[in-house]
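Hi everyone, thanks for making the time this morning. I'd like to walk you through some salt bridges and one helix, so let's bring the model up.

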Amino acid sequence: MEKSGTEMRRVVVVGGGVAGSIVAQSLQFCADVVLIDQKEYFEIAWGTSRAMVMPSFAERIVINHSDYLRNVKIVASTAVDVTDTQVSTADGQSLPYDYLVIATGHKDFFPKTREERLGQYEAEYEKIKSANSILIVGGGPTGVELAGEIVYDFPEKKVTMVHSGARLLEFVDSKASQKALDWLISKNVEVLLGQSVNVDGVSDGHFQTSKGETIKADRHYVCTGKPVGSSWLTETVLKDSLGIHGRLMVDEHLRVRGHKNVFGIGDITDVKERKHRYIAQKHAQVAVKNLKVLLVGGKESKMAKYKNFLEATLVSLGRKEGVAQFPFVTISGCIPGKIKSEDLFVSKTRKQLGYGIMEELLEMITWVRLGIHKKLMRYCNSLLALFDNGVQEGFIKSGAQEIIFSAPTAKKFIIKMERVGSMENSSADKKRVVIVGGGAAGSILARSIQFLAHVVLIDEKEYFEITWGMLRAMVEPPFAERMVINHSDYLSNVDIVASAATNITNGKVFTADGRSFAYDYLVIATGHKDSFPKTKAERLSYFESEFEKIKSADSILIVGGGPTGVELAGEIAVDFPEKKVTLVHRGSRLLEFVSSKASKKALDWLISKRVEVLLDQSVNLDGITDGVYKTSKGETIKADCHFLCIGKPVASSWLTETVLKDSVDTHGRLMVDEHFRVKGHLNVFAVGDITDTKEMKQGYIAEKHVHVTVKNLKVLLDGGNESKMVKYKGTFQAALVSLGRKEGVAEFPFITISGCIPGKIKSGDLFVGKTRKLLGLKP
């Protein structure tokens with residue numbers, strides 16, 4: 001930024017919602033930017049319903065403009081007039097512009113300061129908490145999501161929803177609407193359709209519907225549509241650019257018609273599409289590109305055209321479920337919940353703004369120490385979150401935050417103190433749990449019980465590897481830094497033995513380095529047999545060398561068309577599209593563990609990326625020296641390097657000479673009961689791929705095994721009755737195969753999907769962030 005501020009073009013942005021805020025943030029170092037907004041903060045509006053039942057959530061969704069706009073003049077006032085050269089505000093300022101962006105969205109009323117807004121959420125929470133019955137007027141997304149938040153956090157409350165339409169969510173198809181209705185009814189929400197309610201003048205809590213029904217409610221919320229925030233434009237130079245519905249008419253570049261230096265973005269535009277947050281963000285991105293062209297004096301022919309984006313609707317239902325409508329398919333349940341409901345896209349939006357709140361919490365702690373204020377109790381949850389974040393950021397060793405504990409009431413706090421004291425006094429008497437295997441199942445289990453028992457983890461390597469990310473690491477070595485994690489970084493109270501287990505008796509496990517470890521309970525989690533170097537540094541070096549091998553090759557052969565082979569081909573084809581990739585598979589179709597429809601979608605995608613796929617053939621890799629390979633059908637393949645991506649055997653051969661030898665089935669898997677105890681051994685558990693459970697062997701299923709086993713071990717460690725142990729009942733089975741960075745193919749019961757939706761679920765991060773979070777690390 002070598003130009004002085006006086007030489008830079010002036011861009012005025014009116015409206016501090018998602019579209020306006022992103023434009024201001026994106027241009028702040030390219031122009032002299034002014035943001036006009038009636039409030040001092042940006043609010044992530046799609047998080048408001050969550051904040052009403054969880055006020056601490058509001059701390060993340062209400063963000064002062066000054067915290068993410070370091071180089072923008074912020075005018076906390078209302079725009080009242082626009083001329084061809086300037087914008088006038090209610091506080092008497094006149095702000096000249098070279099380019100103007102109108103992003104006022106829908107009309108709403110907000111307090112001016114962040115503190116006032118947070119106070120509103122606290123007040124709404126108290127009202128909901130104290131109410132026995134609640135009326136929600138309006139069955140659009142706002143009403144449905146608010147109802148979902150209330151019944152999830154306060155299931156004992158009587159919630160009634162009244163909607164004037166014939167069905168909920170009328171902007172989606174009837175199937176999606178019915179799924180939302182069914183979910184609300186299952187949560188005991190009473191839904192009255194085809195009726196309206198006049199809430200004006202009601203003081204006794206009795207509301208009358210248009211059909212004469214009486215509703216008793218202690219609290220009501222009106223969740224109906226709001227008018228477009230454009231009435232102030234009717235007396236300005238832009239008045240003739242307003243359509244009959246009050247929206248600004250824009251061209252394909254999102255410029256306001258008749259005004260080449262004025263842009264309109266977000267909900268205020270007349271673009272024929274649904275008015276969603278993610279669409280407003282796309283508007284902002286196009287407007288930013290075009291403004292950057294104009295700011296540097298570029299030709300208008302270089303400006304980007306807005307093309308209607310893939311339209312999708314996601315409505316959250318509580319914290320873990322939702323309903324989603326995509327082109328040609330409607331989904332409800334945990335998948336839409338995974339996409340939206342857990343965090344409501346708040347983290348993603350904050351990341352776009354480059355903003356975090358750790359500095360605020362540190363400042364608060366300093367104020368307390370200096371005696372400036374004493375309001376510590378209000379911030380206890382944020383303070384605990386700070387310690388957790390310190391672990392994730394690497395400032396605090398994993399597990400150290402367990403020293404600090406909390407409870408919601410004084411009585412429970414005292415009980416917890418007594419329990420902790422008892423644990424400390426009897427630490428020598430803790431039961432001994434030995435876990436063999438440091439993959440996903442073994443590692444998560446060790447972390448889950450590390451403070452409940454004397455835990456030993458035996459693993460031949462010093463680290464845990466998130467194996468479903470390894471193919472990405474082969475084309476992007478820095479990715480390996482996140483997925484290769486030293487056991488010591490997340491296991492603060494576990495004895496880590498970097499050796500291979502070689503034998504088991506009824507009371508001990510023996511290792512290759514000559515040691516033996518006594519156990520009260522044993523968990524086998526060795527998964528599949530593979531060869532890994534011992535240290536993290538060696539493993540990272542391996543990924544660097546594989547990357548160089550791929551980078552320097554002109555042609556690559558992949559042997560095996562299962563998920564590993566297909567995903568590796570996808571990673572290479574996307575990152576190195578110029579390379580010739582050939583995939584040879586001995587089966588008649590790819591991904592034989594899924595349906596033929598899913599298999600065909602993966603094949604079509606690979607072919608579209610110019611990957612040559614040879615089915616019903618095998619390749620003998622022995623003795624290849626000149627880079628020429630022969631298939632079983634006599635075809636010749638020229639390749640500079642090859643990767644073998646076929647299934648690996650179960651890592652159970654070492655058990656055949658141990659006390660567990662009679663518990664290994666003909667396929668090399670340990671036979672387990674409904675509690676995951678190895679048959680014939682009441683104090684030995686097995687989890688993950690080594691078990692004989694009749695289901696797909698996938699990472700998320702191994703995690704489910706762990707959840708059940710942890711619960712059962714806790715029962716036994718506490719001396720509980722075996723009748724209290726939980727039974728494994730299988731889990732929802734789905735197959736997701738990533739295809740490059742943004743696409744994938746997914747098979748759920750009764751439906752197969754390909755394209756960007758499976759890509760959104762898995763391909764972007766490959767669940768690495770989620771897995772790191774399970775280990776208490778920064779995602």
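One cut-off before we start: I call a residue buried under 20% relative accessible area, exposed over 50%, and partly exposed in between. Please also keep in mind that this is a predicted model.

Let's begin with D530. With a relative accessible area of 31%, D530 lies between those two limits, so it counts as partly exposed. Its salt-bridge partner is K648, and the closest N and O atoms of the two are 3.9 Å apart. This pair connects distant parts of the chain, 118 residues apart: D530 sits in the loop between β28 and α16, while K648 belongs to the loop between β34 and β35. And how accessible is K648? It is partly exposed as well, at 40% relative accessibility.

Now, please turn to R472 and E571. Here the closest N and O atoms of the salt bridge are 2.7 Å apart. This is another link between distant parts of the chain, with R472 in helix α14, residues 470-475, and E571 in helix α17, residues 563-575, 99 residues apart. Are these partners buried or exposed? R472 has a relative accessible area of 2%, so it is buried. E571 has 1%, so it is buried too. The story goes on from there, since salt bridges with shared partners join R472, E476, E571, D575 and R741 into one network.

One more pair for you: D459 and K461 form a salt bridge, with 3.0 Å between the closest N and O atoms. Both D459 and K461 are buried. For the whole structure, the search finds 37 salt bridges, and I have picked out just a few.

Let's finish with helix α16, residues 536-552. What span should we expect for its 17 residues? At 1.5 Å a residue they should cover 24 Å, and the end C-alpha atoms are 25 Å apart, which agrees.

Which residues of α16 are buried? They are K536, R539, L540, F543, E546, F547 and I550. If you look down the axis of α16, these buried residues fall within an arc of 115°, so they line one face of the helix. You may recognise the spacing: an α-helix has 3.6 residues a turn, so residues three or four places apart point the same way. On the face of α16 turned away from the buried side, you'll find the exposed residues A537 and S552.

That's my tour, and I'm happy to go back to any of the views.

Key: Residues numbered from 1 in each chain as written. Predicted model: local features only at pLDDT ≥ 70, side-chain atom pairs only at ≥ 80, totals over all residues. Heavy atoms only, no water. Helix = DSSP H or I, 4+ residues; strand = E, 2+ residues; numbered from the N terminus. Expected span 1.5 Å × (residues − 1). Buried < 20%, exposed > 50% of the residue type's maximum accessible area, 1.4 Å probe, protein only. Arc of directions from axis to C-beta. Salt bridge = Lys/Arg side-chain N within 4 Å of Asp/Glu carboxyl O.
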